[in-house]
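Here is a small set of exercises with worked solutions. Please have the sequence and the model side by side as you go through them.

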Amino acid sequence: MYIDLAKVDEKGVVINDNIEFNDDYIKNTPIQKAENIHVEGRAYYSVTNEIVFDCKVNGSIVLLDALTLEPCDYPIDIEISEVLSENASEINSNELKKLDIMDILWQNIVLEVPISFRKDPNQKISMSGEGWELVDEEKKVVDPRLAPLLGLLDKEGKE
């Protein structure tokens with residue numbers, strides 16, 4: 001999504017659009033898919049001759065559940081306010097004087113991704129399976145094969 005900087009003035013250019021991110025954006029992130037992303041805002045020149053990009057982004061992204069690894073929708077609702085000077089690399093990198101706001105939008109969406117996400121945090125999960133069991137620190141049980149070693153540790157402590 002490009003903004004023609006020749007059309008930007010103090011009133012600004014109004015943006016009201018649905019956008020889609022291609023696979024290049026999504027790779028190397030925990031986001032599986034970005035759906036129904038709507039951008040509403042404007043880009044304008046401030047009194048200090050800087051380009052200000054203010055917008056509101058909402059939609060949903062698909063993340064994997066931290067325990068079950070099933071895909072889950074995660075709603076996003078972000079307010080973005082970026083200030084770009086005339087010397088910014090995003091502006092001077094092209095000769096047509098167009099600003100690509102997709103990178104700005106994507107960076108702010110990735111910042112909203114939680115470190116760990118559970119679809120239903122109250123869901124009961126299995127604490128054991130075939131050949132394994134989740135051990136709680138308070139209920140720590142000593143493996144019977146290692147029990148003789150505990151006696152050695154006790155003897156060293158007393159000497």
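**Exercise 1.** Work out what share of the contacts in the protein chain between residues at least 6 apart in sequence join residues at least 24 apart.

*Solution.* Start with the rule: a contact means heavy atoms within 4.5 Å. Next, keep the contacts between residues at least 6 apart in sequence; of these, 61% join residues at least 24 apart. A word on the source: this is a predicted model, in which local features need pLDDT of at least 70 and side-chain atom pairs count only at pLDDT 80 or more, while totals for chains, interfaces and linings use all residues. Residues are numbered from 1 along each chain as its sequence is written, and side-chain values use heavy atoms, with hydrogens and water left out.

**Exercise 2.** List the helices and strands of the protein chain in sequence order.

*Solution.* Take the elements as DSSP runs, numbered from the N terminus: helices are H or I with at least four residues, strands are E with at least two. The protein chain then has four helices and eight strands. Along the sequence they read β-β-α-β-β-β-α-β-α-β-β-α.

**Exercise 3.** Find the geometry of the aromatic pair F21 and Y25, then place both residues as buried or exposed.

*Solution.* First, the pairing rule: rings of Phe, Tyr and Trp (its six-membered ring) pair if their centres lie within 6.5 Å, with planes under 30 degrees apart counted as stacked, over 60 as edge-to-face and the rest as tilted. The structure holds four aromatic pairs. In one of them, F21 and Y25 lie 5.4 Å centre to centre with 75 degrees between the planes, which is edge-to-face. Now for cover: buried means under 20% relative accessible area, exposed over 50%, and partly exposed in between (1.4 Å probe, protein chains only). F21 has 8% relative accessibility and is buried; Y25, at 18%, is buried too.

**Exercise 4.** Explain why the pair of Y74 and F117 ties together parts that are apart in sequence.

*Solution.* Check the geometry to begin with: the ring centres of Y74 and F117 are 5.2 Å apart and the planes stand at 80 degrees, so this pair is edge-to-face. Then locate the partners: Y74 belongs to strand β5 (residues 71–84) and F117 to the loop between α3 (102–111) and β7 (128–129), so the pair ties together parts 43 residues apart in sequence. Finally, Y74 is partly exposed at 22% relative accessible area, whereas F117 is buried at 14%.
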